[in-house]
Amino acid sequence: MFGGVFGGGSQKPGQAAPGGMGAMGQAQMDPNAQLAAAEQEMEMVTDMFARLGDLCYKKCLIQRYSDEELTKAESVCTDRCVAKYFQVNREVSEKLAKLSQTN
């Protein structure tokens, strides 16, 4: 789901990952371990989106609501904020993946 929180897995759902790994990049796991891993990933994704929403809201949205629609400036700021957040997340994920491969 979402390629994991910290990276963009390129395989299609149900497609085996390199090295004989199954879906979600894990070796054959018992159902309880798979459920626990899925729940943990869901919590991480939920937390990431909550932090993203809070960060971009504080940065981009005017606190006085004079209109029910976003202004163009708010919309552009929010779009850039989200894009930068995901770009940084991807770059950090790639760096961590490289570090874990060297160890």
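**Entry 1: Cys60 and its partner**

I began with Cys60 and found that this residue is buried, with a relative accessible area of 8%. I keep in mind throughout that I am reading a predicted model. Which residue does a disulfide join to Cys60? I found Cys77, with a sulfur-to-sulfur distance of 2.1 Å. Cys60 lies in helix 1 and Cys77 in helix 2, so the pair ties together parts that are 17 residues apart in sequence. I then looked up the torsion about the S-S bond of Cys60 and Cys77, which is about -65°, so I noted this disulfide as left-handed. For Cys77 I wrote down a relative accessible area of 24%, and because the buried class ends at 20%, I entered Cys77 as partly exposed.

**Entry 2: the other disulfide**

I asked next how many disulfides the structure holds, and the count is two. Besides the link just described, Cys56 and Cys81 form a disulfide, with their sulfur atoms 2.0 Å apart. This pair links distant parts of the chain, since Cys56 is in helix 1 (residues 31-60) and Cys81 is in helix 2, with their positions 25 residues apart in the count. I read -90° about the S-S bond of Cys56 and Cys81, and this link is left-handed. Are Cys56 and Cys81 buried or exposed? Both Cys56 and Cys81 turned out to be buried. When I numbered the bonded cysteines of the protein chain in sequence order, I obtained the pairing 1-4, 2-3.

**Entry 3: the core**

I then turned to the nonpolar interior. In soluble globular proteins, nonpolar side chains tend to be buried together. Which residues make up the largest nonpolar core? I listed six of them, namely Met48, Leu52, Cys56, Cys60, Cys81 and Tyr85. The elements that give two or more residues to this core are helix 1 and helix 2, and helix 1 gives the most, with four residues. I noticed that Cys56 and Cys81, which are bonded to each other, are both listed in this core.

**Entry 4: aromatic rings**

Because Tyr85 had appeared in the core, I looked up its accessibility and found 17%, so Tyr85 counts as buried. A search of the whole structure for aromatic pairs gave me two. In one of them, Tyr85 and Phe86 are arranged edge-to-face, with 6.1 Å from centre to centre and 85° between the planes. Why does this pair count as edge-to-face? The reason is that an angle over 60 degrees between the planes is classed in this way, and the planes of Tyr85 and Phe86 stand at 85°. Phe86 is partly exposed, with a relative accessible area of 31%. I also noted that ring pairs link Phe49, Tyr85 and Phe86 into a cluster.

**Entry 5: charged pairs on helix 1**

I searched for salt bridges and came to a count of two. Asp47 forms a salt bridge with Arg51, and the closest N and O atoms are 2.9 Å apart. Both Asp47 and Arg51 lie in helix 1, four residues apart, which I noted as about one turn of the helix. I recorded Asp47 as partly exposed, with a relative accessible area of 40%, and Arg51 as partly exposed too, at 44%. In the other salt bridge, the side chains of Lys58 and Asp54 meet at 3.3 Å, N to O. Lys58 and Asp54 are separated by about one helical turn, because they are four residues apart in helix 1. Lys58, at 59% relative accessibility, counts as exposed, whereas Asp54, at 39%, counts as partly exposed.

**Entry 6: the surface of helix 2**

Which residues make a nonpolar surface patch of about 350 Å²? I found Val88, Val92, Leu96 and Leu99. I checked Leu99 by itself and located this residue in helix 2 (residues 72-102), where its relative accessibility of 48% makes it partly exposed. Ala73 also lies in helix 2, and at 57% relative accessibility I entered Ala73 as exposed. I closed by returning to Cys60, whose C-alpha atom is separated by 8.1 Å from that of Ala73, with the two residues 13 apart along the chain. This leaves me with a contrast to record, as Cys60 is buried and Ala73 is exposed.

Notes
Residues numbered from 1 in each chain as written. Predicted model: local features only at pLDDT ≥ 70, side-chain atom pairs only at ≥ 80, totals over all residues. Heavy atoms only, no water. Phe/Tyr/Trp six-rings, centres within 6.5 Å; stacked < 30°, edge-to-face > 60°. Buried < 20%, exposed > 50% of the residue type's maximum accessible area, 1.4 Å probe, protein only. Patch = residues over 30% accessible without salt bridge, like charges linked within 9 Å, V, L, I, M, F, W, Y side chains within 5 Å. Areas by Shrake-Rupley, 256 points an atom, 1.4 Å probe, with all protein chains shown as cover. Salt bridge = Lys/Arg side-chain N within 4 Å of Asp/Glu carboxyl O. Disulfide = S-S within 2.5 Å. Core = buried A, V, L, I, M, F, W, Y, C linked by side-chain atoms within 4.5 Å.
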